Every structure is written in structure tokens, then in C-alpha cells.
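Grab a pencil and get the viewer ready. Here are a few exercises on strands and empty spaces, each with a worked solution.

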Amino acid sequence: MSRQEWQQAFEASPIRDADFETLSGLPLAPVYGPADGEFPGQFPYTRGPYASMYRSKLWTMRMFAGFGTATDTNRRFRDLLAAGGTGLSTAFDLPTLMGRDSDDPLSEGEVGKCGVAVDTLADMEDLFAGIDLGAVTTSMTINSPAAVIFAMYIATAEGNGVPRRRLGGTLQNDILKEYQAQKEFVFPPRPSMRLVRDTVAFCAAEMPRWHPISISGYHIREAGSTAAQELAFTLANGFAYVELARQAGLDTDAFAPRLSFFFNAHIDFFEEIAKYRAARRLWATWMRDRYGASDPRSMMLRFHTQTAGVSLTAQQPELNIARTAIEALAGVLGGTQSLHTNSMDEALALPTDKAARIALRTQQVIAHETGVAHVADPLGGSWFVEELTDELQRRAETIFDHLLDLGGGSMLEGVYAGIDEGWFQGEIADAAYELEKKVVAGRRVIVGVNDFVDGDEEPLEILRITAEHEAAQVQRLREVKRRRDALAVSAALGQVEAVAADPEANLMPALIDAVRTYATLGEIMDTLARVFGRHVETPRL
């Protein structure tokens, strides 16, 4: 496409009411580059998915929140929206992530600790009480039980008069990276992928504004991978999901526009920017040339970014404000569509209200004071950034070749084989070990940890989740069980089991019916496990 075609697309975009100039009043063009170069909004989208980028719309400031009971988290959601947040992102506690109820013996001591506890539809109703789900977009970081939690969200919205077609948001639902990095799996890989398939097909048919998968490199990077591994493993998983949906009979353009991605923003500033640019280019090329996409939206990689939790330090935690700002800036210069900024106290505990507000204000300073949102891909054409982009692409393609060899030409089978053989897990562990050796030897400086350690540190006030929170949640669950219709629950669970046993059926309608009876998350997951089995990872030595 020519500059003239880009100009036409840009002029057709709605432009924000803002002064697109420097602080001194120098006018700024929306993009810079040679007349015959690549522009934002043009294949392969290296410079951004949209012609106008942030001149049309700033990224969504989607702060991650969840702790204690649903009522506790609902208050935090309201605070974040009142402070200028433009989307919600829900963190669930470990029992919920593992598909267990709060009264399960294995949940003891973990209820509400790293996120909000959700056992039944009643908790989901409390979580979003007073929030118009037709007016905000919601992201839910949930994987093995994603289909069940999604069913609860749909039932909550429809109970409040919001039809499912109006719901906008993202379900993480990326089960492949659980076996590779995060380890919050329940069922074996293949039946787990059946659940992913069912949510993708359901959204393609009934929820045009919903992203059924957020293909996540974040947790791969947090587990210790390099930037190139994060890039390659994430896109390989994305290609595997595409092949899964195509095997189910879906046309690429029927579902691919609603696939989204979730990347880490780590501390190596220019490498991160190059990673996002390479990701867009690779995705666009593979989607067009290998999977036959013709709709430009199928080729546009759109992504959420979260600053790197693993880069935060418990020592001198105020320095984490600076780390987060630098990482967030990399995400913006790399063209992210939404952004979460970590709070300075997250190496110590869940964020306090004050720390979360500072993290949100960091995004607002970047958006409204720095001027970086005025020009698309401002580092495009930099010899350094362009070479980094090309090199990360080359390294990712080498990994793709290996996975295709493992899978006999299929990326889906290659990813399965890489999981079964422990290849992903080993590559990540080796990368983490190499970095740790550099830190221990002092060849990689972490300020306040292995150098510049002197400083008068006053302890931060941290958020504490007490045993009373857990007791309140367990009591809430008992009350819901006492009030519900036991016969209706039993019938609904029986239907879930019957549908699960039919590999061609879609489970989402049965799951929605089940949660409406206030069947618990654990009951539904146990029912599915009777059909699917439970996964036990083979240790890799």
C-alpha cells in the first residue's frame, strides 16, 4: 500500500480531540517514514494494526484486580473505574484457578489470597454488582476452568438484562501455556483443548464482541523465558489454536478476528518494543500465507500488555514505580491495545489502594503528558530497533521450524509433542537458570538486590488477606448450597456429563444451564473430570 492509501485510511478514522504537537508547540505528523515505506494499518502491520493508532483512541487502561471475597473486589473495581480506569481485569485466587471450591480441603489457606474467590454464580453476581457489563469491557485471567467461569459471567449479565451479544471483553482461556509455564492445569491437554474449541465456536456464533482466547506469553516470560522464546512459544500456541478451530470446521476469518494476545513488558526497553513489532509481522504473514486469512482483522495481532511482575523487587520497593513506568512506556511505543501497570508493592503482597492508584496514574502520565501517543511507531526506522525486530523474528522462525518437525508439519501436533516431551518446560528452565547465573555473578545488575543495596528503607503498608476472609467465603458457599434446588443441580450436572461424553457437542449451553442452578465450580469441574480425567505432569530431570 502507498502513503496515499494510508492517508485515506487515516482520514477515515475518528480522531481524538487533542493537540498533536510537542510541549513547545511544534506540530507532529501522525507517522514518519519514507513515502514508499510501510505504514501503520498496512500488512504486515509491523508498525501497528491501525492507520491512526493512538490518535484515534488511547490504549485501554485495564487494571488487574481481585482479592478476598467478591464484595471486596467489587469495591476495588468501582474505585479503579472512578479513578479513570477504562476496563476491568479480574484476578482469581488459586483454588478458583485450579477449579476447586473454597471449602475443598486443598483450598485451605489460599482462599482469596492471590485473587478473588468465585465458587458459584452468586459470587459472580456480587463481583459485578452495580457495574454495567454492557458498558465496560472485562478481561478474566482464567484457564482450566475458563468455560465454567465464562458461563457464570454470561449468566450474570443476562440476569441483569444485558444480552450476551452486547458483552465485550476477553477470556484468557489459553490452556497450552499452562502445561508449558504456569502449571494451573486440571485435565489432560487434548480434552482441555476441546473446551477451548467450544468457547471459540460459541463466541463465533453468539458473541461477536468477545475475545474467546487471549494467547498469553506473559506467564511464559514470568517463568523465565527469553524474549525470543516468549515471542515464539506464544505465536506457536496461537497457530495451534487456529489449527484446532479449523479442524472443527470453522473458517479462519470466522474466528481469527476475535483472537487476542497478552505479552509481558520486561525491563530491556528496546528488546521489548522490537518483540511486539516482530509479533505483528509474524502473525500477519502466517495467517495470510499458511491459514488462508483474507479478512485484514484476522491478520492484525492485537494485544494486551502487563508490566513484568518478575522484575519487581521486595528490596527498595519504591524503585518498582520507575521499573513499571519504563516497561509501560515500552508497551506503548510497541503499539499495545491495552495495558496493566503493576504496583510497587506486588513483590510483597497484593496491591494496596494507594499503590494501585499510583500504577494507574503512571499510565495516565504516559498518555497525557509525554506526547508519545501522538505519533505511531515513533522508533520505526531506527537501525537498532529494526535490527532487533528482524533478529527476534529469525529466532522465532527457528523455533517454529523445530515445532513443525516435531508435529510432522502440524503446529498443533508439534505443540502437543513439545508439551508431552517436556521440551517447552526444559527450554524455559534453562533460560531462567542462565539469567540467574548472571545475576549471582554480578554480570546482570538489579538495583537494590545485587548492587546499590544501601538505603534507608521504611516498610510499606501492605494489604493482608486474613483468615476471616476465608471463613466468610466458606460460609457464603454453605448458604448458597442450602438455598439452591438440589434436584435441579443434580440434573444439570448430569447433562454436563452427557454432553462432555459427546466429543462433537458444544459444552457451553450445558455449562450456562448448570451455573444458573448455582452448581459450584468444583462440582462442575469434578463432573468434567469423570469424563476427561486429570492431568499429572511427568517430571523432567
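On a 1 Å grid over the protein atoms alone, a cavity is a set of points where a 1.4 Å probe fits but cannot get out, while a pocket is an open set with protein on both sides within 12 Å along at least five of seven lines; lining residues have an atom within 4 Å of a point. Grid points are joined across faces, edges and corners, and a volume is the space filled by probe spheres set on the points.

You're looking at a predicted model, where local features need pLDDT of at least 70 and side-chain atom pairs count only at pLDDT 80 or more, though totals for chains, interfaces and linings use all residues. Residues are numbered from 1 along each chain as its sequence is written, and side-chain values use heavy atoms, with hydrogens and water left out.

**Exercise 1.** Find what lines the largest cavity.

*Solution.*
- Step 1: The search of the whole structure turns up four cavities of 30 Å³ or more.
- Step 2: The largest cavity has a volume of about 70 Å³.
- Step 3: It is lined by 13 residues, and the closest to its centre are Tyr54, Val332, Gly335, Ala376 and Asp377.

**Exercise 2.** Work out which helix gives the most to the lining of the second largest pocket.

*Solution.*
- Step 1: This pocket holds about 1,100 Å³ of space.
- Step 2: Of its 37 lining residues, Arg221, His266, Ile267, Leu435 and Arg444 are the closest to the centre.
- Step 3: Helices are DSSP runs (H or I, at least four residues), strands likewise (E, at least two), numbered from the N terminus.
- Step 4: α8 (218-222), α9 (227-247), α13 (319-333), α15 (383-406) and α17 (423-441) each supply at least two lining residues.
- Step 5: α17 wins, with eight residues.

**Exercise 3.** Describe how strand β2 (residues 87-91) sits among its neighbours.

*Solution.*
- Step 1: Five of the five residues in β2 are buried (under 20% relative accessible area; exposed is over 50%, partly exposed in between; 1.4 Å probe, protein chains only).
- Step 2: One side of β2 carries Gly87, Ser89 and Ala91, the other Leu88 and Thr90, and both faces are covered.
- Step 3: Strands pair if DSSP finds at least two bridges between them; β1 (residues 60-65) runs parallel to β2 and is joined to it by four bridges.
- Step 4: Within that pairing, Arg62 has Gly87 as its bridge partner.
- Step 5: β2 also pairs with β3 (residues 137-141) in the parallel sense over four bridges, and Ser89 stands opposite Ser139 in β3.
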